Amino acid sequence: MLPDFIQPHADLTSRNSLALPAQAEFLATITSAEQLAAVARHPDLAGRRRFALGGGSNLVLTGDFPGLMLSMAIPGRELAGEDAQAWYVRAGAGENWHDFVQWTLARGWPGLENLSLIPGSVGAAPIQNIGAYGLEVGELIDHLEAVDLHTGKTTRFSAADCAFGYRDSLFKREGWHLTGRYAITRITFRLPKRWHPRTAYGEVSAELARNRIDSPSPQQLAAAIITIRQKKLPDPVALPNAGSFFQNPVVSAELATALATAHPQLPRYPQADGSVKLAAGWLVEQAGWKGRNLGPVGMYEHQALVLVNRGGAKSRDVQALTRAVREAVLARFGVNLVPEPVFL
Ligand code: NAP
């Protein structure tokens, strides 16, 4: 007999922001770490595949899911502590990311404003170390808790344990988000009291200048970021999408120089380790895919990096467009784009 928070044959169409049709064999709505422990120890669920689902905003469902989908809905946000240097703010994995960021700002605890309007949940944020406009979430995580779904035990991971990298973490590197090894339950952020606005990105400084703001408050910076994102990114409710669809490629300095010789407009961002980050959206646009459709899916007209479902798309449509765009970019630039969402 399964606990009543587990539902068989659950429709996932409204639970993935690309709105791809699929079913989960079982769907558990998780509101506490204790429920995860119960799932881990339940004899009828032993050996079943698991996947922790946040907002479903970074996901391509390639078919029905034969196993237990854990819909992470653990609530809660609070000030967990404070010292002379920082506020420590704790949030449950199921909180909506953007709402949480705006709540911290309203309470007077700045730091996360550059990450406003990133879709998804708090619990998903560390997995790919979400980042935007010169800030990565890992910089502001103190520690997090996750339940080991083999044993049901809660484990604490410090920020150092998480081994954050560019859109990367231990959870992603080890594939734990795919195998359902750990489910992140709570995160404690360390928000330093000494605050500096991060405005170096061209779009951010331009938006502030447009509004004649020299020294932005955290709220003004958040408002600028929200304006920029709303201009470029489609609302998934109106036009289903999974945000940026390809990772920004990081290539060797030699390849970047060779590409820039052939394509002088190529945006290049040198990294501390000597490699060079390229803008995936620029490559997709130059390869001719901005605003272009293939069947019911396409690359968005205002931001070539976003794959959109124009209505009724199936997983095979998304996969066909993914292939076509990758082949076009490879043929023109010799760069292999890697999709950012999880293909499940
Ligand atoms: P964008 O602003 O057009 O920038 C494209 C690329 O240029 C990104 O790789 C960005 O690096 C880089 N870049 C731009 N200005 C830079 C600067 N001053 N210094 C260093 N690198 C610079 O990108 P977009 O697609 O519209 O996205 C806007 C922001 O949201 C970006 O920061 C992007 O990374 C972020 N974003 C994050 C996620 C995620 O966390 N999953 C998803 C979508 C977008 P960075 O990538 O290092 O910023």
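The shell around the ligand is a mixed bag: eight of its residues are nonpolar, five polar and six charged. Here Ala, Val, Leu, Ile, Met, Phe, Trp, Tyr, Cys and Pro count as nonpolar, Asp, Glu, Lys and Arg as charged, and the others, Gly among them, as polar. The model is predicted, with local features needing pLDDT of at least 70 and side-chain atom pairs counting only at pLDDT 80 or more, while totals for chains, interfaces and linings use all residues. Residues are numbered from 1 along each chain as its sequence is written, and side-chain values use heavy atoms, with hydrogens and water left out.

Of the 19 residues around the ligand (those with a heavy atom within 4 Å of it), Tyr166, Arg167, Tyr201, Lys232 and Lys277 come nearest. Strand S8 (131–132) and helix H7 (218–232) each give the shell at least two residues; helices (H or I, at least four residues) and strands (E, at least two) are DSSP runs numbered from the N terminus.

Polar contacts, meaning pairs of N or O atoms within 3.5 Å, turn up around the ligand too. Lysine 232 places a polar side-chain atom 2.4 Å from a ligand oxygen, and tyrosine 201 has one 2.8 Å from an oxygen atom of the ligand. For glutamine 128, an N or O atom of the side chain sits 3.1 Å from a ligand nitrogen. Taken alone the ligand exposes 800 Å², and the protein buries 80% of that (Shrake-Rupley method, 1.4 Å probe).

Then there are the nonpolar cores, sets of buried Ala, Val, Leu, Ile, Met, Phe, Trp, Tyr and Cys residues joined through side-chain atoms within 4.5 Å. Buried means under 20% relative accessible area, exposed over 50% and partly exposed in between, with a 1.4 Å probe and protein chains only. The largest core has 41 residues, of which Trp97, Phe100, Leu112, Phe157, Phe171 and Phe189 touch the most other members. Elements supplying at least two residues each include strand S7 (86–92), helix H2 (97–106) and strand S12 (182–192). A second, separate core of 34 residues includes Leu18, Phe245, Leu259 and Ala324.

Two residues that are not glycines have a positive phi: leucine 117, at about 70 degrees, and arginine 212, at about 55 degrees. Most residues other than glycine have a negative phi. Leucine 117 is in the loop between H2 and S8 and is partly exposed, because its relative accessibility is 26%. Arginine 212, in the loop between H6 and H7, is exposed, with a relative accessible area of 75%.

Methods
A polar contact is a pair of N or O atoms within 3.5 Å; within protein, one must be able to donate a hydrogen and the other to accept it, and residues adjacent in sequence count only if both atoms are side-chain atoms.
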